[in-house]
Amino acid sequence: MSAVMSALTPSIAGAQNALTPAERKAGWQLLFDGRTLNGWHGLRFHGVPAGLWTVENGAIKHGVKKKGALQADGQPLEGFDLVSDSSYQDFELSWEWKISRAGNSGVKYNVSEDLSGSMPPPHAAKGWEYQIIDDARNEDNKLATHRSGALYDMIAPNASKRVHPAGAWNRSRIVLRGTHGEHWLNGVRIVAFDMGTAAFDSAFAKSKYATYPTWFPIRRKGQIVLQDHDDVVWFRNVKIRVLH
């Protein structure tokens, strides 16, 4: 795949939460219908508990939430991530997002809901994370591996990264095939990695994940997760295609 995103995904100005004929032919499926949270549930919940995740103006919205007790990495001890009903092995995931001023969120993948629930906090996903953050204002912006588009706490975006500011829509993509992964932002590949290589293992050993249980880094058929990190964030045009 080239370092410039394919033209299959329509521009941000195009039709929302819909597939083009070319996308349908290529095997894309919507993960969000633009009206409901069908296909999603709160991690380790039946359905979506009220009060946090809603649909607003054709976007999934994580609403305002009173700050509470936090984990060491800043995630809330109380609350819940939003997780896809289905699991995926090799895939391309595409979505658009905008973050509130000084906000922080993420999209996680390679997630086992059951294993995530076995490690506190019980409603937070444990998996690789595509970081979403207000690079300019959030206090967790000191490290390049903690800024938008990064493989969180492991691999920083490259110099080609161009991110739109808080309040503006960005377009992102994750590609995961076998042990190879890619993060894309606004049409450009900004992260590429290969699990099991010396570079990846070194980054893992230096990350917060090094202290996680041994099951964490195992490559699996996993769920897609929208992260609960207290702040307001919006997601739309969430779509996926299985890679064969």
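In the largest nonpolar core of this predicted model, which holds 45 residues, the members that touch the most other members are Leu93, Trp95, Val107, Trp128 and Phe235. Strand E6 supplies the largest share of this core, with five residues. Besides this assembly there is a second, separate core of five residues, among them Leu43, Val83, Ala125 and Val225. As general background, nonpolar side chains in soluble globular proteins tend to be buried together.

Trp95 offers a convenient place to start looking around the core. Leaving aside residues up to four places away in sequence, Trp95 touches Val107, Tyr130 and Ile132. Its contacts also include the run Asn170, Arg171, Ser172, Arg173 and Ile174, as well as Phe235, Arg236, Asn237 and Val238. Two of these neighbours, Val107 and Tyr130, are themselves bridge partners, with Tyr130 located in strand E8.

A wider view of the chain puts these contacts in context. The chain contains three helices and 13 strands. Of its 244 residues, 55% are buried. Among contacts with a separation of 6 or more, 71% are between residues 24 or more positions apart. The exposed area of the chain comes to about 10,600 Å², and carbon and sulfur atoms account for 55% of that area.

Strand E8, spanning residues 128-133, is a good example of a covered element. Six of its six residues are buried, so the strand is largely enclosed by the rest of the structure. The side chains alternate in direction: Trp128, Tyr130 and Ile132 point one way, while Glu129, Gln131 and Ile133 point the other way, and all are buried. Strand E7, made of residues 104-111, runs antiparallel to E8 and is joined to it by six bridges. Trp128 is also one of the core residues that touch the most other members.

Farther along the chain, strands E9, E10 and E11 can be followed through two hairpins. E9 (residues 170-177) and E10 run antiparallel, with six bridges joining them. Within this pairing, Arg173 has Trp184 of E10 as its bridge partner. Two residues separate the strands of this hairpin, and in the turn Gly178 has a positive phi of about 60 degrees. Strand E10 itself, residues 180-185, is mostly covered, with five of its six residues buried. On to the next hairpin: E10 and strand E11 (residues 188-194) are likewise antiparallel and are joined by six bridges. Here His183 stands opposite Val191 of E11. The hairpin of E10 and E11 has two residues between its strands, and Asn186 adopts a positive phi near 50 degrees.

The charged side chains add another layer to the picture. In general terms, side chains of opposite charge can pair when their charged atoms come close. The structure holds eleven salt bridges. One of them joins Lys239 and Glu23, whose closest N and O atoms are 3.4 Å apart. This pair links distant parts of the chain, with Lys239 in strand E13 (residues 233-242) and Glu23 in helix H1 (residues 21-26), 216 residues apart. Lys239 is buried, with a relative accessible area of 0%, and Glu23 is buried at 0% relative accessibility.

Another salt bridge connects Arg44 and Asp114, with 3.3 Å between the closest N and O atoms. Arg44 sits in the loop between strands E2 (40-42) and E3 (53-56), and Asp114 belongs to helix H2 (residues 113-117), so the pair ties together parts that are 70 residues apart in sequence. How covered are these two residues? Arg44 is partly exposed, at a relative accessible area of 42%, whereas Asp114 is exposed, at 58% relative accessibility.

A further salt bridge brings together the side chains of Glu92 and Arg241, at 2.5 Å from N to O. The two residues come from distant parts of the chain: Glu92 lies in strand E6 (residues 91-99) and Arg241 in strand E13, 149 residues apart. Glu92 counts as buried because its relative accessibility is 1%, below the 20% cut-off. Glu92 and Arg241 also belong to a network of salt bridges that includes Arg173. Arg173 thus recurs in several roles in the model: as a member of this network, as the bridge partner of Trp184 in E10, and as one of the residues touched by Trp95.

Terms used. Residues are numbered from 1 along each chain as its sequence is written. This is a predicted model: local features need pLDDT of at least 70, side-chain atom pairs count only at pLDDT 80 or more; totals for chains, interfaces and linings use all residues. Side-chain values use heavy atoms; hydrogens and water are left out. Buried means under 20% relative accessible area, exposed over 50%, partly exposed in between (1.4 Å probe, protein chains only). Helices (H or I, at least four residues) and strands (E, at least two) are DSSP runs, numbered from the N terminus. Two strands pair if DSSP finds at least two bridges between them. A salt bridge is a side-chain nitrogen of Lys or Arg within 4 Å of a carboxyl oxygen of Asp or Glu. Contact means heavy atoms within 4.5 Å. Accessible areas come from the Shrake-Rupley method with a 1.4 Å probe; for residues, only the protein chains shown count as cover. A nonpolar core is a set of buried Ala, Val, Leu, Ile, Met, Phe, Trp, Tyr and Cys residues joined through side-chain atoms within 4.5 Å.
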